[in-house]
Amino acid sequence: MAARVVVIGLASDFGCQVQMTNIEDDLLDVLGTIDLVYWQLAASGHMPEEYDVAIVEGAVTTDAHVETLKRVRETASVVIALGACAATGGIPALGATGDLEAHYGCVYGQDAAQVACGRITPMAIDSVIGVDYVVPGCPIDTEEFLVVLSRALLGLKSRVPAEPMCAICKTKENVCFFERGELCLGVITRTGCGARCITLGRPCTGCRGVAPEANLDSAIALLAEKGITAERLFERARLYNTLEEALDR
Ligand code: SF4
Ligand code: SF4
């Protein structure tokens, strides 16, 4: 029997679910190997009671999200965190700094109390439940998503790159942004996207999360040589990595 798969979204702009539709040529192949019983972006019905694989996009920002995740974990044998919001808290986690009530007041004015009802400090989904596989990035890379989904369906171990971006960036023959005195977060960011932004001419903004093998002290020393302060590094890195403890310095 094909694995029954659900795709659900918590706090996000659903961009990674949209990105799934960009699988294009491979989408029909993928759909042929699974039983896609619910896709929140495309479905008008309710979540089924039973399924095998849950693909979860978005950060946790409400009590309802917590309850949803607990039910998902009780039901699914495999949980996949889809995209930066689910994996690291992503952009929604910016709300975790400062006064959450004040943030809502700033955006929603006199309706803030009503909108904020049931809201909690944003967090990644692995703060609530165990996660089996992760597809990092904002948005996700479709090829990586297919690889991760395939590994999940085959029962293979999770394999998320741990090293930072620079080595793969060099193989693309990119001129390092540091040579121009510009900050690029590839120096501390988890590789796996093929140094996409840098190759397109833009510095990395760290959407795949801080690489476990990143050498922060070395990065800070390198930046200092180029006239870039550690504060700038941390400030920019927090865009996608507010909750990253390695940046708490
Ligand atoms: S810092 Fe950025 S531009 Fe420089 S090598 Fe690393 S990933 Fe490439
Ligand atoms: S280069 Fe950096 S910002 Fe761009 S997709 Fe890769 S990790 Fe994300």
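**Figure 1. Two domains, side by side.** In this predicted model, the centres of domain 1 and domain 2 sit 26 Å apart, going by C-alpha atoms. Domain 1 runs over residues 3-154, and domain 2 covers 166-247. Where they touch, domain 1 puts in 17 residues and domain 2 puts in 11. On the domain 1 side, look for helix α4 (residues 83-88): with three residues, α4 gives the most to that surface. Sorted by class, the domain 1 side of the contact has 10 nonpolar, five polar and two charged residues.

**Figure 2. Inside the largest nonpolar core.** Nonpolar side chains tend to be buried together in soluble globular proteins. Here, the largest such core has 44 residues. Which residues have the most contacts inside it? They are A54, V56, I80 and A81. Plenty of elements chip in with at least two residues each, including strands β1 (3-9), β3 (53-57) and β5 (78-82) and helices α1 (15-21), α3 (63-75) and α7 (142-154). Domain 1 and domain 2 both give residues to this core, so it lies between them.

**Figure 3. Zooming in on A54, plus a second core.** Skip the neighbours within four places in sequence, and A54 is in contact with V6, I8, V72, A76 and V79. There's also a second, separate core, made of 19 residues. Among them are C169, I188, A214 and I228.

**Figure 4. The surroundings of ligand 1.** There are 14 residues around ligand 1, and those that come nearest are C166, C169, C176, C184 and G186. Helix α8 (residues 166-171) gives the most to this shell, with three residues. Is the shell mostly nonpolar or charged? It's nonpolar: the split is 11 nonpolar, two polar and one charged. You may recognise C169, which is also part of the second core.

**Figure 5. The surroundings of ligand 2.** Now for the other ligand. The residues around ligand 2 include three cysteines worth finding on screen, C193, C197 and C204, along with C207. G137, T189, A195, R196, I198, T205, G206 and R208 are in the shell too. By class, the shell around ligand 2 comes out as six nonpolar, four polar and two charged residues.

**Figure 6. A helix with little cover.** Helix α10 takes in residues 216-225 and is hardly covered. How many of its 10 residues are buried? Just one. Just after α10 comes G227, with a positive phi of about 80°.

Note on methods. Residues numbered from 1 in each chain as written. Chains lettered and ligands numbered in written order. Predicted model: local features only at pLDDT ≥ 70, side-chain atom pairs only at ≥ 80, totals over all residues. Buried ≥ 20, exposed ≤ 12 C-beta atoms within 10 Å, placed from the backbone. Helix = DSSP H or I, 4+ residues; strand = E, 2+ residues; numbered from the N terminus. Near = placed C-beta within 6 Å. Nonpolar A, V, L, I, M, F, W, Y, C, P; charged D, E, K, R; others polar. Domains from an automatic or database assignment. Contact = placed C-beta atoms within 7 Å. Core = buried A, V, L, I, M, F, W, Y, C linked by C-beta atoms within 7 Å.
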